[in-house]
Amino acid sequence: MFPFVSLSLSLSLALCLFIPRFSLRTYREHGNPMAAQNLADNGDFHAPSPIAADGDARSALIFLGTGCSSAIPNAMCLIQPSHPPCSVCSQALSIPPEQNPNYRCNTSLLIDYCRSDGNHSYVLIDVGKTFREQVLRWFTRYNIPQVDSIVLTHEHADAVLGLDDIRAVQPYSATNSIDPTPIYVTEYAMQSLAVKFPYLVQKKMKEGQEVRRVAQLDWRIIEESYEKPFVASGIKFVPLPVMHGEDYICLGFLFGEKSRVAYISDVSRFIPSTENVISKGGDGQLDLLILDTLYKNGSHNTHFCLPQTLDAVKRICPKQALLIGMTHEFDHHKDNKYLMEWSRREGIPVQLAHDGLRIPIHL
Ligand SMILES: [Zn+2]
Ligand SMILES: [Zn+2]
């Protein structure tokens with residue numbers, strides 16, 4: 001169970017995206033005035049929120065990371081500053097990360113799932129290069145004691161290179177005698193991970209090999225097909241294959257029974273059958289679409305940029321959308337103001353997510 005303060009702060013963080021003229025006092029009372037000031041800049045856009053706003057949702061989505069592969073601040077902007085310096089990355093020098101919505105780690109979502117018996121399970125989507133930092137910052141903030149299942153979208157560095165640190169969120173055993181954490185991956189990703197992390201995949205010790213403490217993982221192969229759902233820690237996931245570059249398939253995931261949520265972190269083109277599964281005009285309207293956007297203009301060979309992201313949001317027509325995967329081109333408050341105007345015009349609330357955003361939700 002979460003302490004009341006954590007839950008109500010989180011609820012406020014979530015609500016502030018869409019509720020008019022929320023009170024700064026709420027945040028002062030909860031000890032995060034900088035975040036309040038930052039988020040107040042979002043203005044007064046109001047839209048009916050399908051996400052649980054009644055405070056009785058015991059499940060939640062926690063955005064552990066909302067940035068691109070290099071993460072933000074981009075190190076180059078700080079060690080070889082341009083003239084004038086990059087304003088988004090420079091903020092990292094003066095504002096603590098937990099109060100800076102322009103501080104973005106690799107994309108990752110933690111699903112805090114409250115089961116019918118009241119116990120919580122924690123499902124982690126992706127374990128990127130910045131995983132340790134995300135654990136230190138947000139697991140402590142939201143009292144997350146462990147990870148019960150891991151789901152991987154693909155095997156790129158920004159989705160998997162934190163796997164070594166999974167041992168930090170597992171029970172301690174010097175002899176590795178613990179229950180392994182289920183990890184759901186495609187066959188293709190598994191083969192790549194066996195090369196990147198042979199010691200995490202190895203089943204048996206070699207003769208003469210000494211025991212070294214490493215993450216204990218129970219590898220489970222999933223299919224790149226929306227017709228092959230799987231269940232992780234009690235949550236049903238429908239794989240959503242999408243093109244991430246024309247030579248590569250990445251998975252997004254559809255989950256949630258009471259609220260339908262789609263998480264798609266790496267996409268350059270939708271496969272029509274996948275788009276149909278999550279579209280209002282297809283299998284049904286999403287309550288929340290979480291979608292990739294890399295740059296503000298133009299296009300990119302392996303990711304959506306804002307024009308393609310907003311086109312996709314219009315076609316898919318979810319009740320609301322949150323964007324992730326942003327580079328330092330995006331300035332959180334400034335660009336959320338633009339997105340509010342877009343949302344008013346198009347009738348679909350869309351905002352940039354930020355690291356640490358926690359949304360209570362009925363799953
Ligand atoms: Zn920068
Ligand atoms: Zn990728």
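Start with helix 11: select residues 306–316 in this predicted model. The buried residues here are Leu 306, Gln 308, Thr 309, Leu 310, Ala 312, Val 313 and Ile 316. Show them as sticks, then bring up what they pack against: helix 10 (272–278), strand 11 (288–292), strand 12 (321–324), helix 12 (332–346) and strand 13 (350–352). While you're looking at which side chains go where, remember that an α-helix has 3.6 residues a turn, so residues three or four places apart point the same way. Now step off the end of the helix to Cys 317, which follows helix 11 and has a positive phi, near 55°.

Next, the sheet. Colour seven strands in the order 6-5-4-3-2-1-14 and you have an open sheet with mixed pairing. Go to its two edges, strand 6 (217–222) and strand 14 (358–361): each has a single partner strand, so one side of each is left without a neighbour in the sheet. Look along the sheet for the twist, which averages 20° from one strand to the next.

Stay at the strand 14 edge for a moment. Arg 358 and Pro 360 point one way from the strand, Ile 359 and Ile 361 the other way, and all are buried. The partner here is strand 1 (residues 59–65), which pairs with strand 14 in the antiparallel sense over four bridges. For a landmark in that pairing, pick Ser 59, which stands opposite Ile 361 of strand 14.

Move on to strand 2 (residues 108–114) and strand 3 (residues 120–125), an antiparallel pair with six bridges. Click Asp 112 and find its bridge partner in strand 3, Tyr 122. Then add helix 8 (residues 187–196), which packs on the sheet and touches strand 5 (181–186) and strand 6. Its direction makes about 110° with that of strand 5.

Now zoom out to the whole chain. There are 12 helices and 14 strands to page through, and buried residues make up 47% of the 363 residues. Of the contacts with a separation of 6 or more, 71% are between residues 24 or more positions apart.

Last stop: colour by pLDDT. The chain averages 87, and 85% of the residues score at least 70. Select residues 1–50, though, and pLDDT stays under 50 throughout. The model does have 69 contacts beyond four places in sequence for that stretch. Where pLDDT is low, the predicted coordinates should not be read in detail.

Methods. Residues numbered from 1 in each chain as written. Chains lettered and ligands numbered in written order. Predicted model: local features only at pLDDT ≥ 70, side-chain atom pairs only at ≥ 80, totals over all residues. Pairing = 2+ DSSP bridges. Axes fitted to C-alpha atoms, helices over the stretch in contact; angles between N-to-C directions. Contact = placed C-beta atoms within 7 Å. pLDDT = per-residue confidence, 0-100. Buried ≥ 20, exposed ≤ 12 C-beta atoms within 10 Å, placed from the backbone.
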